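Visitor: I have a structure open and would like to talk it through. Could you walk me around it?
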Amino acid sequence: MKEHLKRILSMKYLIGNIILNKADGEIQQKIKDDYNRYLELNYTGREYSSKNIRILLYEDSVFRTIFVYRIRESCKIPFSMLRKIFNTVEAVELVSEPGIIGGGLFVGHKGCVVLARKIGDHCTIGAYSVIGGGQPNADGEVLPVLGNNVCVHANASIFGGIHIGDNVTIGAGAVVNKDVPDNCVVVGNPARIVRQNGVRVDIPL
């Protein structure tokens, strides 16, 4: 009972409740998708509800970081103040422009940096992964694009103006600076494709 009162009276819980209720439909849907991914991967037994989102805001610092990323564009509270209110994790840096990360994002642990041109729906980013700028592509773009259902495992690096297709798994410690087609598993440094469309292969990027 004491813990319950402490939770509902916390600044994170109260302000999160107000912001969530006032957020526009698209932002609310992405937050719902994010929560459902956490439910699927990390918090079994808690069905989606606005109450349970607020509980997760209280309990999980990484989820709070994703929440602040979602609402910072439409919220009138300055971004620096939002970070202080929600006590976001500085070791998880979502520095991509607001709105370019699809719903259902799951960041499994602290210690990653995400700076991409676009990230699709239902993506997973592991601990100490880095997604960021590098060699420009033919159009002069220096940031990567990740498709839908991309899973980036721990300590992987993805950089440059490249395109990672849908349903791609990037193995732990892989270094990827070239395009990856859909439905692939990529490992190693230098990176190579070891599975494509369910078939074992060995294709250097």
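Guide: Gladly, and one caution belongs at the start: this is a predicted model. The protein chain has 205 residues, and 46% of them count as buried.

Visitor: How many helices and strands are there in the chain?

Guide: The protein chain contains 6 helices and 15 strands. Its accessible surface comes to about 10300 Å², and carbon and sulfur atoms account for 52% of that. If you take the contacts between residues at least 6 apart in sequence, 39% of them join residues at least 24 apart.

Visitor: Which residues have the most contacts inside the largest nonpolar core?

Guide: They are Ile-164, Ile-170 and Val-176, in a core that has 51 residues. Helix H5, residues 61–71, gives the most to this core, with 7 residues. As general background, nonpolar side chains tend to be buried together in soluble globular proteins.

Visitor: What does Val-176 touch, leaving out residues up to four places away in sequence?

Guide: Val-176 touches Ser-157, Ile-158, Phe-159, Ile-162, Ile-164, Ile-170, Val-186, Ala-191 and Leu-205. Two names in that list, Ile-164 and Ile-170, are also among the residues with the most contacts inside the core.

Visitor: Val-186 is in there too. Which strand is it in, and which face is it on?

Guide: Val-186 belongs to strand E13, residues 184–187, where it shares the covered face with Cys-184, while Val-185 and Val-187 make up the uncovered one. That fits the general pattern that side chains in a regular strand alternate between the two faces of the sheet. Cys-184 counts as buried because its relative accessibility is 1%, under the 20% limit.

Visitor: And what pairs with E13?

Guide: Strand E11, residues 169–170, runs parallel to E13 and is joined to it by 2 bridges, with Ile-170 standing opposite Val-186. E14 pairs with E13 in the antiparallel sense over 4 bridges, and there Val-186 stands opposite Ile-193. The hairpin of E13 and E14 has 4 residues between the strands, and in it Gly-188 takes a positive phi near 90 degrees.

Visitor: Switching sheets: what's the strand order in the open one with 3 strands?

Guide: The order is E4-E7-E10, with parallel pairing. Strand E4 (118–119) and strand E10 (163–164) stand at the edges with a single partner strand each, so one side of each is left without a neighbour in the sheet. Strand E7, residues 145–146, pairs with E10 in the parallel sense over 2 bridges, and the bridge partner of Val-145 in E10 is His-163.

Visitor: Now charges. How many salt bridges does a search of the whole structure find?

Guide: The search finds 4. In one of them the side chains of Arg-70 and Asp-34 meet at 2.8 Å, N to O. This pair links distant parts of the chain, since Arg-70 lies in helix H5 and Asp-34 in helix H3, 36 residues apart.

Visitor: Are those two buried or exposed?

Guide: Arg-70 counts as buried at 6% relative accessibility, and Asp-34 is buried as well, with a relative accessible area of 1%.

Visitor: What about Lys-30 and Glu-26?

Guide: Their side chains also meet in a salt bridge, at 3.9 Å from N to O. The two residues are 4 apart in helix H3, residues 25–41, and are therefore separated by about one helical turn. Lys-30, at 16% relative accessibility, counts as buried, whereas Glu-26, at 56%, counts as exposed.

Visitor: Where do Asp-202 and Arg-192 lie?

Guide: The side chains of Asp-202 and Arg-192 meet in a salt bridge at 3.5 Å, N to O. Asp-202 lies in strand E15 (residues 199–204) and Arg-192 in strand E14 (residues 192–196), so the pair ties together parts that are 10 residues apart in sequence. Asp-202 counts as exposed at 56% relative accessibility, and Arg-192 counts as partly exposed at 34%.

Visitor: Last topic, cysteines. How many disulfides are there?

Guide: The count comes to 0 disulfides. Cys-123 is in none, for the nearest cysteine sulfur, which belongs to Cys-151, is 9.0 Å away, and a disulfide here requires sulfur atoms within 2.5 Å. Cys-123 also counts as buried, at 1% relative accessibility.

Technical notes
Residues are numbered from 1 along each chain as its sequence is written. This is a predicted model: local features need pLDDT of at least 70, side-chain atom pairs count only at pLDDT 80 or more; totals for chains, interfaces and linings use all residues. Side-chain values use heavy atoms; hydrogens and water are left out. Two strands pair if DSSP finds at least two bridges between them. Buried means under 20% relative accessible area, exposed over 50%, partly exposed in between (1.4 Å probe, protein chains only). Contact means heavy atoms within 4.5 Å. Accessible areas come from the Shrake-Rupley method with a 1.4 Å probe; for residues, only the protein chains shown count as cover. A nonpolar core is a set of buried Ala, Val, Leu, Ile, Met, Phe, Trp, Tyr and Cys residues joined through side-chain atoms within 4.5 Å.
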